[in-house]
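Please open the structure in your viewer and display the backbone as a ribbon. This tour proposes one selection after another and describes what is found at each stop.

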Amino acid sequence: MTELVVKNVQKWLGGLQILKGASFTADRGSIVALLGASGSGKTTLLRCIAGLEQPEIGHIRIGDKVAMDSDKRILLPPEQRNIGLVFQSYALWPHRTVKENVGYGLKLRGVNKADMDRRIQHILERLGLGHLADRYPSQLSGGQQQRVAICRALVYEPRVLLLDEPLSNLDAKLREEARYWIRKLILDLEICAILVTHDQTEALAAADHILLLQNGRIVQEGTPHEIYSNPTSFYAADFLGANNIARGKLLSMDGDVARIGGEGWELDGVVRERQGLSPSVDAQAVIRVERITIGDAPGPNRLEMQLDDSVYLGDRWEYRVRRGDFAVKANGNRRLPGGKVYAEFPPESVWVFPAAQG
Ligand SMILES: Nc1ncnc2c1ncn2[C@@H]1O[C@H](COP(=O)(O)OP(=O)(O)OP(=O)(O)O)[C@@H](O)[C@H]1O
């Protein structure tokens, strides 16, 4: 069931158009990640949904309520939108206890004390914080503070939970755990969550659906697997994964099959973005690091290269190989001696795009 509808949302700030017509829907029991480079408009879009920014144009429906509609001049304030909000900083009040932090909004809304206590206790227990109800934020760990912030957002029983970089203040281990339990919580509660993040791993692991933003536009959307394995633009291909970028000229193109080459190297690949590509124009290929294999014999789409170094990364080795100016990284599971190697670039993993403009 669709819980959130965002249609053609446009927003100007300081004379600049920050959102250029964002449209998407989100279902109950699912997590949608807004992913994109810094300044792409993720937070602004989240703030428009929350009612903290007023889009000049657009339509937003939350549950069965229209939250804003520029044609009908509807604009509900945040407290009437049935949303829960969690900020990166958690924004807890330092002089209020956990219980008071979680219940403050209910108090403002005039919920009676018995009902309020019941709801606070219920959500604190649910997130494993029942025993900390009388502590102050400074007496909690970062992970516990984050749980309190989430309790505070959930105590209203919102239809939609809006999370703005909620994990970025946690260390790597806690972040991984939090990704997991937040996802489970949202699916268990059968609510809908919108997660703003610039961290691709977080979006891939936590979301059911990813919206990739670039300059105020949603340039691609899909499941994490679709976005990772089937990018439709250089921006999308380069934003996700660990990549090698090979810059050269397009040597030939036949349907989706292309050949790209530079100084002393040529590779077969597949066309990922057709516009602006024709033989002999400048082109670039994105090749995921994990797709390149290092061998010791020539073969199709293999280049003779020089292995400069094997770098130990704990769970794998990273090989630094080059042929003249053409340098790439590849992965493997053992240290290799430096010297002559053959690097294989599977053609289906050499994604060819037109060269960047300007
Ligand atoms: N109040 C404002 N006045 C003018 N420009 C603004 C204002 N707030 C944000 N912007 C601009 O809007 C653009 C989008 O900002 P936004 O914070 O939505 O991006 P973001 O994708 O969330 O970035 P980040 O990951 O860095 O938080 C940026 O170029 C930013 O400089």
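Begin by selecting Gly128, the glycine that follows helix H3 and has a positive phi, near 70°. Please keep in mind throughout that this is a predicted model.

**Helix H3**

From Gly128, extend the selection back to helix H3, residues 113–126. The helix has 14 residues and reaches 20 Å from its first C-alpha to its last, close to the 20 Å expected at 1.5 Å a residue. Now show the side chains of Met116, Ile120, Ile123 and Leu124, which are buried. Viewed down the axis of H3, the buried residues fall within an arc of 100°, so they line one face of the helix. Which exposed residues does the face of H3 turned away from its buried side carry? Select Ala114, Asp115 and Arg118 to see them. To see what covers the buried residues of H3, add helix H2 (98–108) and helix H4 (142–154), which are included in that cover.

**Strand S8 and its partners**

Next, select strand S8, residues 160–164. Five of its five residues are buried, so S8 is largely enclosed by the rest of the structure. In a regular strand the side chains alternate between the two faces of the sheet. In S8, Val160, Leu162 and Asp164 point one way, whereas Leu161 and Leu163 point the other way, and all of them are buried.

Add strand S7, residues 83–86, which pairs with S8 in the parallel sense over four bridges. Within this pairing, select Val86 together with Leu163, its bridge partner in S8. Then add strand S9, residues 192–197; S8 and S9 also pair in the parallel sense, over five bridges. Here Val160 stands opposite Cys192 in S9. Finally, include helix H5, residues 172–189: S8, H5 and S9 make a right-handed β-α-β unit.

**The barrel**

Which strands close into a barrel, and in what order? Select S12, S13, S14, S21 and S15: these five strands close into a barrel in the order S12-S13-S14-S21-S15, and the pairing is mixed. The twist averages 55° from one strand to the next. For a detailed view, restrict the selection to strand S13 (residues 257–262) and strand S14 (residues 265–271). These two strands run antiparallel and are joined by six bridges. One pair to label is Ile260 and Leu267 in S14, which stand opposite each other.

**The open sheet**

Move on to an open sheet of five strands, with the order S2-S1-S4-S5-S6 and antiparallel pairing. Its edge strands are strand S2 (16–27) and strand S6 (74–75), each of which pairs on one side only. Select strand S5, residues 65–69, beside S6: two bridges join them, and the strands run antiparallel. In this pair, Met68 stands opposite Leu75 in S6.

Two residues deserve a separate selection for their backbone angles. Arg73 lies in the loop between S5 and S6, and its phi is near 55°, a positive value in a residue other than glycine. Is Arg73 buried or exposed? Arg73 counts as exposed because it has 7 C-beta neighbours inside 10 Å, and a residue with 12 or fewer is placed in that class. The second residue is Asn8, which lies in strand S1, residues 2–13. Phi of Asn8 is near 45°, again a positive value in a residue other than glycine. With 14 C-beta neighbours inside 10 Å, Asn8 counts as partly exposed.

**Helix H1**

Now select helix H1, residues 42–50, which is mostly covered, with eight of its nine residues buried. The buried residues are Lys42, Thr43, Thr44, Leu45, Leu46, Cys48, Ile49 and Ala50. Just after H1, select Gly51, which takes a positive phi of about 90°.

**The whole protein**

To finish, clear the selection and view the entire model. Its secondary structure comes to eight helices and 21 strands. Along the principal axes, the C-alpha trace spans about 75 × 50 × 35 Å. Of the 358 residues of the protein, 36% count as buried. Among contacts between residues at least 6 apart in sequence, 65% join residues at least 24 apart.

Terms used:
Residues numbered from 1 in each chain as written. Predicted model: local features only at pLDDT ≥ 70, side-chain atom pairs only at ≥ 80, totals over all residues. Buried ≥ 20, exposed ≤ 12 C-beta atoms within 10 Å, placed from the backbone. Pairing = 2+ DSSP bridges. Right-handed = clockwise from strand over helix to strand, strands pointing away. Expected span 1.5 Å × (residues − 1). Arc of directions from axis to C-beta. Contact = placed C-beta atoms within 7 Å. Axes fitted to C-alpha atoms, helices over the stretch in contact; angles between N-to-C directions.
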